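The following note is offered to a colleague who is meeting this structure for the first time. It proceeds point by point, from the interior to the charged pairs and the backbone.

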Amino acid sequence: MTTPTGRVVCDITISADGFSAGLDQTEERPFGDDGGDGSGAGLHAWMFDTPDENRAEIDRLNTAGAFIMGRNMFGPVRGAWDRRWNGWWGGDPPFHAPVFVLTHHAREPQPMDGGTTYHFVTDGIVAALDQARTAAGGSDVTVLGGATTINQYLAAGLIDELRLHIAPLTLGVGTRLFEGVPPLKLEQLAARAASRVTHVTYRVST
C-alpha cells in the first residue's frame, strides 16, 4: 500500500472563546446567534472587510487536492434529501476539487461548475478521509468544518496541521472547537496578527 504524502489540515475561523457558530442555526441564519444577523459577518470580517490585509491566508484556503465537510456546513437540509440542495456557494463553488460531505443519508455525487464535485459519504470519517486522500493524489486534504466535524478528526488523531483564524469577539455558547477532544500536543508553526483576526498555525502531534 502506498503511504499518503499529503497532509491532513483543518482551516477554520473561531471566536476568541473558541466557537465557530452560535446556537439556533437556520437556513436564514446559518451561523445562528453570532452577535449579528446570523451570516457570520463578524467572525469572517477578516476575509470580506479586509481581504488585502489577509491575502496569503485567503489564497491558501482552497489549495488542497480534496476537501471534507460535515453535512451541517454543507447546508440546512436535515434527514432524508427531500429537496435539492447544492451547498451555500452557488453554481461555481470556490473549492475546484472533490468535496466529501459526511452524512447519514445516501445521495449520488453532484458535479458543479469549476471542477467541484460533492460526494456524499455515509460510512464515517475514516472512509471520507480515505476517499479524499485518493482523490487528492498526494496533495493535502483539508477538513473544512464545522467544528463538530473537525473535533471528530482531532479526537481520532487524523489531523496533521491546524490553521485557526481567531476573530476578536466572543459568542459565549454555540458550536465549539476542541469540544470532546482529548488533550493534544500542539507545536506552533506560525502566528500573525491583523486588524480583525489573529492567524495561528499548529502542528498536531500524536
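1. A network of salt bridges links Arg7, Asp11, Asp140, Glu161 and Arg163. The coordinates come from a predicted model, and every remark below should be read in that light. In total, the structure holds 11 salt bridges; three further pairs are taken up in points 6 and 7.

2. Helix H4 deserves attention at the outset. Spanning residues 125-136, H4 has 12 residues and reaches 16 Å from its first C-alpha to its last, close to the 16 Å expected at 1.5 Å a residue. Its buried residues are Ile125, Ala127, Ala128, Leu129, Ala132 and Ala136. An α-helix has 3.6 residues a turn, so residues three or four places apart point the same way. The buried residues of H4 pack against the strands S1 (8-15), S3, S4 (98-102), S6 (117-121) and S7 (141-145), and against helix H5 (147-155). Just after H4 comes glycine 137, with a positive phi of about 60 degrees.

3. Strand S7 is mostly covered, since five of its five residues are buried under the cut-off of 20% relative accessible area. S7 pairs with S1 in the parallel sense over three bridges, and valine 8 has valine 141 of S7 as its bridge partner. S7 also pairs with S3 in the parallel sense, here over four bridges; in this pairing isoleucine 68 is matched with valine 143 of S7.

4. Which residues touch the most other members of the largest nonpolar core? Among its 27 residues, they are Ile12, Ile68, Val143, Ile150, Tyr153, Ile159 and Leu177. Two or more residues of this core come from each of S1, S3, S4, H4, S7, H5 and strand S8 (161-167). H4 gives the most to this core, with six residues. For isoleucine 159, contacts beyond its neighbours within four places in sequence are Val8, Cys10, Val143, Tyr153, Leu154 and Val204. Apart from the largest core lies another core, of 15 residues, among them Phe67, Ala97, Tyr118 and Leu144.

5. Leucine 61 shows that a loop position may be covered in this model: this residue sits in the loop between helix H2 (55-60) and strand S3 (66-70), and counts as buried at 15% relative accessibility. Leaving aside neighbours within four places in sequence, leucine 61 is in contact with Asp11, Met47, Phe67 and His165. The C-alpha atom of leucine 61 is separated by 9.8 Å from that of arginine 163, although the two residues are 102 residues apart along the chain.

6. Two salt bridges join parts distant in sequence. In the first of these, the side chains of aspartate 49 and arginine 196 meet at 2.7 Å, N to O. Aspartate 49 lies in the loop between helix H1 (45-48) and H2, and arginine 196 in the loop between strand S10 (185-194) and strand S11 (197-205), so the pair ties together parts that are 147 residues apart in sequence. Arginine 196 is partly exposed, with a relative accessible area of 37%. In the other, glutamate 57 forms a salt bridge with arginine 192, with the closest N and O atoms 3.0 Å apart. Because glutamate 57 lies in helix H2 and arginine 192 in strand S10, this pair ties together parts that are 135 residues apart in sequence. Glutamate 57 counts as buried at 11% relative accessibility, whereas arginine 192 counts as partly exposed at 32%.

7. Arginine 29 and aspartate 33 also form a salt bridge, their closest N and O atoms being 3.6 Å apart. Both partners count as partly exposed: arginine 29 has 27% relative accessibility and aspartate 33 has 38%.

8. Several backbone features merit inspection. A cis peptide bond joins glycine 145 and glycine 146, with omega at about 0 degrees; glycine 146 is placed in the loop between S7 and H5. Aspartate 24, a residue other than glycine, has a positive phi near 60 degrees. Aspartate 24 is found in the loop between strand S2 (19-21) and H1 and is exposed, with a relative accessible area of 58%. Histidine 96 likewise has a positive phi, of about 55 degrees, although it is not a glycine. Histidine 96 is placed in the loop between helix H3 (71-74) and S4, and counts as partly exposed at 45% relative accessibility.

Conventions. Residues are numbered from 1 along each chain as its sequence is written. This is a predicted model: local features need pLDDT of at least 70, side-chain atom pairs count only at pLDDT 80 or more; totals for chains, interfaces and linings use all residues. Side-chain values use heavy atoms; hydrogens and water are left out. Buried means under 20% relative accessible area, exposed over 50%, partly exposed in between (1.4 Å probe, protein chains only). Contact means heavy atoms within 4.5 Å. A salt bridge is a side-chain nitrogen of Lys or Arg within 4 Å of a carboxyl oxygen of Asp or Glu. The expected span of a helix is 1.5 Å times one less than its number of residues. Two strands pair if DSSP finds at least two bridges between them. A nonpolar core is a set of buried Ala, Val, Leu, Ile, Met, Phe, Trp, Tyr and Cys residues joined through side-chain atoms within 4.5 Å.
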